[in-house]
Amino acid sequence: MARSRGGGDTPGHDALTTTRDALAAVFREEAGRLAASVTRILGDFDASEEVVQDALLAAWQQWPIEGLPDRPGAWLWTVARRRAIDVLRRDMRYQERLRALSFPVEQAADDDRLMLIFTCCHPALSPEAQVALTLRTVCGLSTAEIANAFLASEAAIIQRLTRARRKIAEARIPYRISADDELAERLAGVLAVIYLLFNEGYLCSAGAAPQRRDLTDDAEWLAALLASLMPAEPEVLGLLALIRLHRARAATRFDAEGRLVLLRHQDRARWNKAEIAAAADLVVRAARLRRPGPYQIQAAIVACHAEAASWASTDWLQILLLYDALLRQQPSPVIRLHRAVAVGQVLGPQAALDETDDLAGDLDRYHIYHATRAEFLRQLGRGYEARQADERALGLTANPAERALLEQRLT
Amino acid sequence: MKYVLLFCGDDQDAAAFEAMSPDELAARYAEVGAWFAEHQSKIGATNQLQGPASATSVRFGLEGQPVVTDGPYLEGKENIGGYAEIDVADLDEALRMAKTWPGRGAVEIRPVMTR
């Protein structure tokens with residue numbers, strides 16, 4: 001999916017933006033591949049970082065002038081290899097590795113990026129470090145881009161990355177895919193990082209400055225990469241489908257003034273039907289592997305919404321059953337709250353309101369809880385209580401788009 | 001690669017231990033014994049420590065003068081109950097060992113500095 005970069009004001013600006021976008025796309029494709037190969041040969045996450053950075057920097061400087069090479073991967077590999085040999089020569093311990101590097105001029109054909117992803121998402125690193133390291137090393141983002149995307153200072157991001165790399169070296173976090181008996185647990189961690197990245201991008205996409213990198217694009221790219229490397233893992237397919245189903249409808253989430261538009265009021269004609277159909281096929285493909293999981297179920301729920309012609313004609317019973325399945329896998333008050341909306345559509349607002357009553361203990365500080373209850377109360381003709389609930393919701397959120405919507409309800 | 005596993009626990013863990021019947025306690029010690037036997041080839045120096053009530057600390061003041069005080073240096077509810085030095089391939093192998101530790105509480109894994 002093309003990333004929107006705001007309206008092009010001049011042809012020259014457009015051309016420059018296109019070149020930069022094209023470069024960024026090539027970088028994302030090649031940076032992780034290069035990092036994976038160099039790390040495998042050097043056997044040292046930290047040393048390979050220096051080598052990879054030098055190669056990428058050379059590309060940033062030369063490609064815009066000399067044009068994109070025919071085989072960008074081979075070009076980067078040649079530069080990185082030369083640099084790696086320099087690094088190895090400095091260090092006597094690496095003589096054997098130096099020999100390994102001297103002969104094969106071609107980059108290894110097999111994709112080592114899976115190992116890279118598993119190392120970056122190791123549970124011994126903090127979630128923030130996992131996200132930053134994955135963006136830096138696997139997706140090839142610059143530290144400035146990461147800082148910009150997370151509204152953090154570049155110095156803070158550099159420090160976070162340095163600490164993470166130091167921990168990988170000092171605690172000897174291995175560079176390999178987990179043993180079979182740990183794969184499911186570790187894969188869940190990897191998927192959590194990609195989902196976190198997606199949510200980060202999704203939440204801040206409202207009125208985002210055009211020069212800010214769209215993290216949902218990187219999250220989708222990572223999920224697609226993982227799906228191509230692990231095609232028999234249904235949860236990977238489920239997460240990819242979930243991300244694509246959200247992105248296919250992202251354009252209708254806000255109106256022209258940047259106000260939040262609720263699902264029931266969104267202009268479904270503007271949803272990307274082809275993307276939705278393809279993602280729904282992915283959900284079916286995952287289901288055939290017969291190992292259901294939370295991402296697959298969430299994708300199935302979103303697919304029900306995305307394929308429905310209207311809010312009213314949505315298959316609410318199916319959604320309710322899917323929420324029951326999701327709750328069995330992942331009991332959580334927030335999921336129960338979402339389920340209550342489906343209950344309201346199937347059994348009516350009173351049943352839905354009853355469902356939310358015993359969630360008060362967990363969700364009293366959550367604005368969506370009160371806004372959802374307000375909906376049910378309004379449907380029951382209890383206008384005064386509905387208003388109180390909306391006011392409570394307003395007092396609990398600082399998000400401008402959400403506040404605007406609630407204020408509109410209260411006037 | 002050498003690591004030290006620090007076997008830790010807080011007041012609640014200690015209380016749970018106190019509340020165990022002699023049979024339960026014996027069973028738990030048997031599990032711990034089996035764990036050490038299973039990993040014997042990877043374990044170096046290891047010891048269980050007397051409780052924090054037996055601890056004495058020597059702290060150094062700003063001028064470097066030693067001050068002896070009663071009690072553990074690390075304040076708070078958590079305590080180190082024992083340690084084991086292990087020699088394994090990498091952090092994943094250390095984690096595999098730590099995850100099967102039958103003594104409960106918590107296990108902190110610290111890589112040993114190499115020079």
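**Exercise 1. Decide whether Ile117(A) is buried or exposed, and place Ile117(A) in its surroundings.**

Step 1. Around Ile117(A) there are 25 other C-beta atoms within 10 Å, so the residue is buried. The cut-off for this class is 20 or more. The model is a predicted one.

Step 2. As for secondary structure, Ile117(A) belongs to helix H5 of chain A.

Step 3. Once neighbours within four places in sequence are left aside, the contacts of Ile117(A) are Thr134(A), Val138(A), Val190(A) and Leu226(A).

Step 4. A further distance can be read across the chain: Ala227(A) is 110 residues from Ile117(A) in sequence, and their C-alpha atoms are separated by 13 Å.

**Exercise 2. Describe how H5(A) packs on H6(A).**

Step 1. Two packed helices are described by the angle between their axes and the distance between the axes.

Step 2. For H5(A) and H6(A), the axes come within 9 Å and the crossing angle is roughly 155°. H5(A) is therefore roughly antiparallel to H6(A), since angles over 145 degrees are classed that way.

Step 3. The hand of the crossing between H5(A) and H6(A) is right-handed.

Step 4. On the H5(A) side the meeting residues are Arg113(A), Leu116(A), Ile117(A) and Cys120(A). H6(A) supplies Gln130(A), Leu133(A), Thr134(A), Thr137(A) and Val138(A). Thr134(A) and Val138(A) are also among the contacts of Ile117(A) listed in Exercise 1.

**Exercise 3. Work out how H6(A) is oriented to H8(A), and list the residues through which they meet.**

Step 1. The axes of H6(A) and H8(A) are 9 Å apart, at an angle of about 95°. This makes H6(A) roughly perpendicular to H8(A).

Step 2. From H6(A), the residues involved are Glu128(A), Ala129(A), Ala132(A), Leu133(A) and Arg136(A). They meet Ile157(A), Arg160(A), Leu161(A), Arg163(A) and Ala164(A) of H8(A).

Step 3. Leu133(A) appears here and also in the meeting of H6(A) with H5(A).

**Exercise 4. Check the length of H8(A), then find its buried side and what packs there.**

Step 1. Helix H8 of chain A has 17 residues, 154-170, and at 1.5 Å a residue should span 24 Å. The C-alpha atoms at its ends are 24 Å apart, in agreement with that span.

Step 2. Ile157(A), Arg160(A), Ala164(A), Arg165(A) and Ile168(A) are the buried residues of H8(A). Around the axis they cover an arc of only 125°, so they are on the same side of H8(A).

Step 3. The spacing can be set against helix geometry. An α-helix has 3.6 residues a turn, so residues three or four places apart point the same way.

Step 4. Ala155(A), Gln159(A), Thr162(A) and Arg166(A) are exposed, on the face of H8(A) turned away from the buried side.

Step 5. Against the buried residues of H8(A) pack helices H2 (45-66), H5 (113-120), H6 (127-138) and H7 (143-149) of chain A.

Step 6. After H8(A) comes Arg172(A), with a positive phi near 50°.

**Exercise 5. Characterise the pair H10(A) and H11(A) by angle, hand and meeting residues.**

Step 1. Helix H10 of chain A covers residues 215-229 and helix H11 covers 234-247; their axes come within 9 Å and cross at roughly 150°. H10(A) and H11(A) are therefore roughly antiparallel.

Step 2. The crossing of H10(A) past H11(A) is left-handed.

Step 3. The residues of H10(A) that meet H11(A) include Leu226(A) and Ala227(A). Partners in H11(A) include Leu240(A), Ile243(A) and Arg247(A). Leu226(A) is also one of the contacts of Ile117(A).

**Exercise 6. Repeat the length and face analysis for H19(A).**

Step 1. The twelve residues of helix H19 of chain A, 383-394, should span 16 Å at 1.5 Å a residue, and the end C-alpha atoms are indeed 16 Å apart.

Step 2. Ala386(A), Ala389(A), Asp390(A) and Ala393(A) of H19(A) are buried. Seen down the axis, they fall within an arc of 100°, so they line one face of H19(A).

Step 3. Helices H18 (367-379) and H20 (400-410) of chain A are among the elements covering these buried residues of H19(A).

**Exercise 7. Set out the make-up of chains A and B.**

Step 1. Chain A has 20 helices and zero strands, while chain B has three helices and six strands. The order in chain B is β-α-α-β-β-β-β-α-β.

Step 2. Of the 411 residues in chain A, 37% are buried; of the 115 in chain B, 10% are.

Step 3. Among contacts with a separation of 6 or more, residues 24 or more positions apart account for 61% in chain A and 76% in chain B.

How values were computed:
Residues numbered from 1 in each chain as written. Chains lettered and ligands numbered in written order. Predicted model: local features only at pLDDT ≥ 70, side-chain atom pairs only at ≥ 80, totals over all residues. Helix = DSSP H or I, 4+ residues; strand = E, 2+ residues; numbered from the N terminus. Expected span 1.5 Å × (residues − 1). Buried ≥ 20, exposed ≤ 12 C-beta atoms within 10 Å, placed from the backbone. Arc of directions from axis to C-beta. Contact = placed C-beta atoms within 7 Å. Axes fitted to C-alpha atoms, helices over the stretch in contact; angles between N-to-C directions. Parallel < 35°, antiparallel > 145°, perpendicular 65-115°, else oblique. Left-handed = near helix turned anticlockwise from the far one by under 90°.
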